[in-house]
Amino acid sequence: METAVIQFLKSFCKADDGAVTVDWVVLTAAVVGMAFLSYVELQNNTDQVLTSTGEALLTAQDYLE
């Protein structure tokens with residue numbers, strides 16, 4: 001009985017079928033995280049550009065009147 005358990009543990013430790021799945025999960029999580037961070041950064045920069053453009057247009061409108 002003990003040798004069967006030891007054999008099972010040895011074969012279980014040598015099996016690498018799940019390692020590929022774990023790699024894909026980690027890589028997918030990294031890609032999703034990077035996409036989220038990129039979206040947040042682009043949103044912040046876009047808001048700053050829109051605010052600056054709006055202020056510039058209001059300033060130009062004051063000179064046109």
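In this predicted model, a nonpolar patch of about 420 Å² lies on the surface and is made by Val5, Phe8, Leu9 and Phe12. One of these residues, Leu9, is found in helix H1, which runs over residues 2-14. With a relative accessible area of 46%, Leu9 is partly exposed, because that value falls between the 20% under which a residue is buried and the 50% over which a residue is exposed. As general background, an α-helix has 3.6 residues a turn, so residues three or four places apart point the same way.

Helix H1 itself has 13 residues and reaches 19 Å from its first C-alpha to its last, which is close to the 18 Å expected at 1.5 Å a residue. This helix is hardly covered, since the count of buried residues among its 13 residues is 0.

The chain as a whole gives a matching picture of its own. Its secondary structure comes to 2 helices and 0 strands. The radius of gyration of the chain is 29 Å, well over the 11 Å that the globule rule gives for 65 residues, so the chain is more spread out than a compact globule. Taken along the principal axes, the C-alpha atoms fill a box of roughly 95 × 15 × 10 Å. Of the 65 residues, 0% count as buried, and the chain exposes about 6200 Å², of which carbon and sulfur atoms supply 69%.

The other helix, H2, covers residues 17-64 and holds Asp23, and Gly33 also has its place in H2. Asp23 counts as partly exposed at 45% relative accessibility, and Gly33 likewise counts as partly exposed, at 30%. The relative accessibilities of three residues discussed here are set out below.

| Residue | Relative accessible area | Class |
|---|---|---|
| Leu9 | 46% | partly exposed |
| Asp23 | 45% | partly exposed |
| Gly33 | 30% | partly exposed |

Two separations, each taken from C-alpha to C-alpha, add some detail on how positions along the sequence are placed in space. Asp23 and Gly33 are 10 residues apart in sequence and 15 Å apart in space. Gly33 and Gln7, in turn, are 26 residues apart in sequence and 41 Å apart in space.

Key: Residues numbered from 1 in each chain as written. Predicted model: local features only at pLDDT ≥ 70, side-chain atom pairs only at ≥ 80, totals over all residues. Heavy atoms only, no water. Patch = residues over 30% accessible without salt bridge, like charges linked within 9 Å, V, L, I, M, F, W, Y side chains within 5 Å. Areas by Shrake-Rupley, 256 points an atom, 1.4 Å probe, with all protein chains shown as cover. Salt bridge = Lys/Arg side-chain N within 4 Å of Asp/Glu carboxyl O. Helix = DSSP H or I, 4+ residues; strand = E, 2+ residues; numbered from the N terminus. Buried < 20%, exposed > 50% of the residue type's maximum accessible area, 1.4 Å probe, protein only. Expected span 1.5 Å × (residues − 1). Rg over C-alpha atoms; globule rule 2.2 N^0.38 Å.
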